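Visitor: Hi! Could we go through the ligand site together?
Guide: Happy to, let's take a look.

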Amino acid sequence: MTKTYTRDYWESALSALTLEGRNFIGGDYRSAVSGETFTRIRPMDGKPGGTLARGTVADIDLAVASARAAFESGVWRKKDPLEKKKIMLKWAELIRAHGEELAMLETLDVGKPVLASLNVDVRLCADGIQFYGEMIDKMYDEIAPTGPSARALVRKVPLGVIGAITPWNYPMIIDAWKLGPSIAAGNSVVLKPAEQSSLSAIRLASLAVEAGLPAGVFNVVTGYGEEAGKPLALHMDVDMIAFTGSTEVGKLIMGYAAQSNVKRVALELGGKSPLVVFEDADLDAAASAAAWGCFYNSGETCHASTRLLVQRSVQDKLIEKIKAVTASDIALAHPFEPSAQIGALIEEAHMTKVLGMIAAGEKEGARRAFGAEQVLSETGGYYISPGVFVDMTNDMSLARQEIFGPVLAAIPFDTEEEALKLANDTIYGLAGAVFTKDMDRAHRFSEEIHAGTVWINIYDMSNFATPFGGFKQSGFGRDRSVHAIDKYCDYKTIWQQFG
Ligand code: NAD
């Protein structure tokens, strides 16, 4: 039977919840070495949330030493594959069993509707850990062709200590995208979650140990990017940084790797994805995809469809339909309300930044069709209504910058050639979509849009079997799918000569 959730249910669950904000190192909770903490402000109402350890270089050193010791001891990497699989699957089950608690932690930190946290974020986090757990006892090595007098084994071996640095928009999902393949491959991990969203990461680590993951294999250090993320990326004993975040910080991470030990980096960065609608498209389907593609998670999605390229003849009709879908389907409300489809933005400073970008866009001549205003300010939280700007050109700031708020820029075009040029006229290459009934054109577009994922007549459909990541300044390296394991391993040749 499906459980019915009410706002009162979540309010009383919250009052019973203890928020654990210490680092998790070597299987134990640890306060920051400095003893310092910081307080997270809840985006849903502006009240104080969790108190977190303010990790710095000393905490990173401890966590890396713990991860290194676990790796060198072989307590995890040398374990029987079947046993490792069982532990990962148990971990996934524990995540599901603690779903309501994890959903609450995520919502407290990031302000998204708690039912979205539960039904999307927790579910996909558990599925991610399970997906890679299931791979553990199905990975084979290779034997290279040699003459009969030799045997050359090509072994896929773990790298060692992985530093994972993650953002705040889908914390648990993105953590699982890093943790699943890196731990399944036999590595140890130090995770530095975004300072805005650490609670779920700490809980994931304690559940991992409860499932049987040996202490030190998965460590969490909370804190600010400059204070905790930077020393992790500069650390001489970290073999790789798996980073998801802004392009700006991604560039710094590459620099840190070069300045330290030439560690590997994988970067999942920003986006400004085009959704292209031709006049022959199913406009109802396109409107729904454009609205959900841009406004879900309050627009705080790296692959959000923030640029709507629409054939001029249907622009007005499509915008009316987007307005109607937004009004009827995408309810903005307090995250504990069961009706909420979208909630608050991550923090006050971010809301102010988004409102500033909107104001600057209007000064440049962007015409507001609807929305994109601060709402629910009486709650003390940080809410902006979904909104659309029309008759835009691709050189306007709202069409070029990653806003990370619920703001859609509609840009009209006349010809297919022009649409493709506009679609690719961005520094990013994360995702894109084309809506048309002409399948030849759909396939031409899917080949030519320079992006890691291109959807045809739909937006944001995926599963764990499909790789995710970008081209151009959206980064490199892929999360999800069996291929994600590759970046946490390397090949080792073992040559044996006979006779
Ligand atoms: P951000 O780059 O500000 O922060 C990401 C992480 O980096 C955080 O943990 C932060 O503390 C850390 N950090 C900040 N400065 C650092 C430094 N100097 N050294 C080391 N670490 C540092 O990004 P954000 O605001 O948390 O997230 C939003 C961004 O993430 C957007 O640009 C979005 O597109 C991107 N994103 C990309 C993907 C993807 O898969 N491509 C997914 C989600 C989010």
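Visitor: How far is the polar side-chain atom of tryptophan 168 from an oxygen atom of the ligand?
Guide: In this predicted model, that distance is 2.9 Å, a polar contact (a pair of N or O atoms within 3.5 Å). Residues are numbered from 1 along each chain as its sequence is written, local features need pLDDT of at least 70, side-chain atom pairs count only at pLDDT 80 or more, and totals for chains, interfaces and linings use all residues. Side-chain values use heavy atoms, with hydrogens and water left out.

Visitor: And what about glutamate 195?
Guide: A polar side-chain atom of glutamate 195 lies 2.6 Å from a ligand oxygen. For serine 246, a polar side-chain atom is 2.6 Å from an oxygen of the ligand.

Visitor: How much of the ligand does the protein bury?
Guide: The protein buries 91% of the 850 Å² that the ligand exposes when taken alone (Shrake-Rupley areas, 1.4 Å probe).

Visitor: How many residues surround it?
Guide: There are 30 around the ligand, counting those with a heavy atom within 4 Å. Lys192, Glu195, Ser246, Leu269 and Glu402 are the closest.

Visitor: How do they divide by type?
Guide: The shell has 16 nonpolar, eight polar and six charged residues, with Gly counted as polar and Asp, Glu, Lys and Arg as charged.

Visitor: Nice! Which domains contribute?
Guide: Domain 1 (7-269 + 475-493) and domain 2 (274-463) each give at least three shell residues; the bounds come from an automatic or database domain assignment.

Conventions. A polar contact is a pair of N or O atoms within 3.5 Å; within protein, one must be able to donate a hydrogen and the other to accept it, and residues adjacent in sequence count only if both atoms are side-chain atoms.
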